[in-house]
Amino acid sequence: MGPAELVQKISISAESPRGSGSGSESGGAAVAGVDGAAPGSWRHKCAAYVLALRPWSFSASLTPVALGSALAYRAEGALDPGLLLGSAVTVLAVHGAGNLVNTYYDFSKGIDHKKSDDRTLVDQILEPQDVVRFGVFLYTVGCICAAGLYAVSTLKLEHLALIYFGGLSSSFLYTGGIGFKYVALGDVVILITFGPLAVMFAHAVQVGYLSLSPLLYAVPLALSTEAILHSNNTRDMESDRQAGIVTLAILIGPTFSYILYTVLLFLPYLIFCVLATRYTISMALPLLTIPMAFSLERQFRSQNFCKIPQRTAKLNLLLGLFYVFGITLAPAGALPKL
């Protein structure tokens with residue numbers, strides 16, 4: 001059985017109903033029942049760590065890197081694959097560490113429970129100290145990769161540090177420290193970090209200087225990424241309210257949450273239509289994902305939130321890839337400021 005199947009089995013085990021025994025007993029049963037592997041085996045640990053990272057959400061960090069690199073290619077006419085790979089690994093490491101910080105603090109504050117989407121710690125698939133160590137490891141990997149990027153890129157150290165540590169701080173402070181997520185500011189953090197900041201980082205590493213144009217091109221992708229978080233927070237409104245935290249979805253209520261989600265889904269397509277009609281037809285490529293957006297809108301409207309964050313993340317990935325293809329295929333000088 002391969003690692004992917006093992007991860008799937010852990011996920012299924014984590015979603016299975018628990019008995020009436022104690023938490024440690026039910027958690028231990030869940031862990032021991034995965035593929036018949038011993039709880040301490042390396043295969044089991046590796047699969048558990050992958051599950052804890054929530055890899056389905058990585059489209060939110062990979063697509064901005066791809067977009068920033070495509071913008072650099074269109075502006076400079078060249079692309080360094082090594083810098084692209086280094087940027088992707090750096091951003092993924094910080095994103096994964098941020099997911100682990102979220103898991104740790106949600107558990108420590110009593111927000112995660114048996115019915116939560118993320119039950120890595122609730123079901124004792126991993127111990128809190130495992131999550132902490134893995135988070136520190138990923139932040140360290142991110143810093144090492146950022147140092148490597150500085151060594152091979154022409155970007156000034158102060159500029160690289162400003163963007164990188166801005167993103168790192170945001171990923172931690174989303175739930176750690178100040179905990180922006182718990183005071184209805186998490187949406188702002190995600191909108192900035194997994195949109196303009198990540199796109200600008202990838203672009204600046206490639207071209208060697210800071211530019212404002214990537215911030216404008218990041219808007220459609222940032223809106224789509226925010227839709228992932230908003231769908232997650234809308235689904236968890238009741239449990240978050242019971243835990244005593246405040247999110248934007250709680251503040252505006254179900255009706256306006258639906259309106260906001262719809263705007264986040266479809267506003268990017270309006271932007272693509274403008275770009276396609278005024279500049280180049282290649283920018284119409286993301287419109288191929290509109291049927292998925294309508295399907296998500298119907299699901300959200302019916303208040304069926306099962307797997308809707310994951311499905312929104314899938315839309316985000318496909319929309320982002322078509323957006324990148326559209327920019328790459330655009331004739332030289334066709335797009336503004338590029």
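Does Gln303 count as buried or exposed, and at what relative accessibility?

## Two loop residues with positive phi

In this predicted model, Gln303 counts as exposed, at a relative accessibility of 56%, which lies over the 50% cut-off for that class. The residue sits in the loop that joins α13 (290-301) to α14 (308-329), and its phi is near 60°, a positive value in a residue other than glycine. Most residues other than glycine have a negative phi.

Arg54 also has a positive phi without being a glycine, with a value near 55°, and this residue belongs to the loop between α3 (42-52) and α4 (59-76). Arg54 is buried, because its relative accessible area of 14% falls under the 20% limit, whereas Gln303 is exposed.

## The second largest pocket

The second largest pocket has a volume of about 200 Å³. Three elements, namely α9 (213-217), α10 (219-235) and α12 (248-278), each give two or more residues to its lining, and the largest share, three residues, comes from α12.

The lining is made up of Leu216, Tyr217, Val219, Pro220, Ile271, Val274, Leu275, Tyr279, Tyr323, Pro336 and Lys337. By residue class, 10 of the lining residues are nonpolar and one is charged, while no polar residue takes part; the charged one is Lys337, because lysine counts as charged.

Note on methods:
Residues numbered from 1 in each chain as written. Predicted model: local features only at pLDDT ≥ 70, side-chain atom pairs only at ≥ 80, totals over all residues. Heavy atoms only, no water. 1 Å grid on protein atoms, 1.4 Å probe; cavity = no way out; pocket = protein on both sides within 12 Å on 5 of 7 lines; lining within 4 Å. Points joined across faces, edges and corners; volume = space filled by probe spheres on them. Helix = DSSP H or I, 4+ residues; strand = E, 2+ residues; numbered from the N terminus. Buried < 20%, exposed > 50% of the residue type's maximum accessible area, 1.4 Å probe, protein only.
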